[in-house]
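Trainee: I have a model open and would like to talk through a few of its features. Could you take my questions one at a time?

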Amino acid sequence: MSTPERPLRIAVVGAGPRATSLLERIAANLPGLPPRRALEVCVVDPHPPGGGRVWRHDQSPWLWMNTTAGDCTMFTDASSTCDGPVVPGPTLAEWARDLASGSLHRPRGFASDGADLAEARRVHRDWFATRRLQSRYLSWVFHRTAERAPEGLSVRAVRGRAVDLRDLPGGTQRLALEDGTALDADLVVLAQGSGDTAPAPGEGRLAAHADAHGLVYVPTASTADIALDAVPAGEPVLVRGLGLAFVDTVVLLTSGRGGTFTREADGTLRYRPSGREPVLWAGSRRGVPYHSKLHYDLPGPRPDLPRHLDRAALAALGAGPLDLREDVWPLVVRELAHAHYAELARSHPERLSLGAAEFLERLESADPWEDRVKELVAEAVPDGADVFDAGRIDRPLAGLRFAGHDALGAWLEEYIAADLERRRDPAYSMDLAVFFALLSVFTVLGEALADGTVSAESAAREFPGFLGFFGFVASGPPGPRLEEVLALARAGVLRFTGADTAVRAVEGGFEARSASTGATVTARALLEARLPAPSLERTTDPLLLALRERGEIRAREHGGLVDADPAGQRLRRADGEPHPARFGLGALVAGGVGAGGFSRPHTDAGFFRQNDAVARVLLAALR
């Protein structure tokens, strides 16, 4: 009697949102690209599938998502231009509505509890869900996809940590797990996210200083993994970073330690300390917190984007790798400025000193762009609040010097209050138009970096700065969270060190100084309120370490990310040749389009396009 052939197998290392979306795209494409025999997809992760490590349910209920429930989806829709079939599904808001009503289909393996149900009953389109509820949504997507898998596809979640990967005769891949077991597969996809990294050189010196002198040092880490128990109450604590990780850290050290917020009769939010908080001194390169999320819709339809920065515009810049700062950034600014001024003319023409039609005609025909638009704005936009200035937006503290921290703090309180007011006022819907333009720019740039249109050296040097600008403008905290930051500042629990904050080790602690004041702050504790930058050179992931040691993967030149062939995301060996059976997706892999946030519905998200393309490459390889 002949032994039946085992199913073909794809092993996916990592069980978070990227792996879950890839599984959904494999399932969607399988009927049109059937392999030679039955297929099994094994998702390998020590954490439950769907959320994986970062989005696991086991984290603080104080932590929120940074995307509204109506703006978060794990499914393709009519806007998607991927080659595979579109398979619609609910947004987080729609899923929560069905969970609350009891109408949600509950696939095998999915579970929820009373806290999930209680929150689901409060969710609406503009709700910022807890990360725990988002974890449930991701779990449901994974288990629903597995349950609805087409004939010939089975899905298995393997709870364990992958520590090595070897080639076997005939091309089979053997994935070794930490418990000593092994999993053989025909193809392997690394989708475990950025993973753990060793400290950067400067951070390592600060950590060593803390160890040697009994100080507290909290390194960069995912929000779900930060440990703050050692942070002392009542003492000054330095915080580096003013982005989303900063907001999460502040929440855990204030509300998470028993502090409460109350609303006064005039609407002002006040903080009532518990006495267990530290005094937080926060600073960063920019020196101000990220802008609040926008809390309104465009008065009219979304603009047709991109207008100036698309693949054709990049091709017109000439052959050869482009420089991000010199060649591409002017097009980025043009895209954002055009979106801003077109929205001003369409929705707020009364604020122009020219007729809207004439203004738009001159805007569309401006050439050379920078000079003509500068002339047009000087003539037609009298209010400085309506002028788009990318430099001023990016560095609001540039050129300002304060007598001390109190004066700096007073300026920042006014700045944050004004930001909160503006981001809730549809009279400034130009900001939302810029937001949508930034989304389109991010997608185009991600693809241009992945396929080598932009030089690797320029990308390594300049793209982190663009990501910082993108996050600052388009991916800030929910308005209620930034309002809490303002209340904490007014209560004296949170203070600011200023722009270009630098920290050094000193006798008995750490010292911070900035370009904004001549004053310094010394503390016995330092928190790195930032996510670790993905880096193959500094990874501590045992699987990646083993592959790197043997030359079976390499870092992309100048970037530190795992190098992959952009045509199919196959991982490159040290000699530059792509491995035929190994693929990579996500934050640590070059070309990881869409890393860092959830996809919004009706935006033709690059996240889905890339996952779909890789799913089709995988299935074609198995044929």
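Mentor: Gladly! Let us fix a term: buried means under 20% relative accessible area, exposed over 50%, and partly exposed in between (1.4 Å probe, protein chains only). This is a predicted model, where local features need pLDDT of at least 70, side-chain atom pairs count only at pLDDT 80 or more, and totals for chains, interfaces and linings use all residues. Residues are numbered from 1 along each chain as its sequence is written, and side-chain values use heavy atoms, with hydrogens and water left out.

Trainee: Is R530 buried, partly exposed or exposed?

Mentor: The side chain of R530 meets that of E528 in a salt bridge (a side-chain nitrogen of Lys or Arg within 4 Å of a carboxyl oxygen of Asp or Glu). E528 is buried, because its relative accessible area is 3%. R530 has 30% relative accessibility, so it counts as partly exposed.

Trainee: How far apart are the closest N and O atoms of R481 and E484?

Mentor: Both residues lie in helix α15 (residues 479–491; helices are DSSP runs of H or I, at least four residues, numbered from the N terminus). They are three residues apart, about one turn of the helix. R481 is buried at 5% relative accessible area, and E484 is buried at 13%. Their salt bridge has its closest N and O atoms 3.1 Å apart.

Trainee: Which residues does S21 contact, leaving aside neighbours within four places in sequence?

Mentor: S21 is found in helix α1 (residues 17–29), and it counts as buried because its relative accessibility is 0%. With contact meaning heavy atoms within 4.5 Å, its partners are M74, F607, F608 and N611.

Methods
Helices (H or I, at least four residues) and strands (E, at least two) are DSSP runs, numbered from the N terminus.
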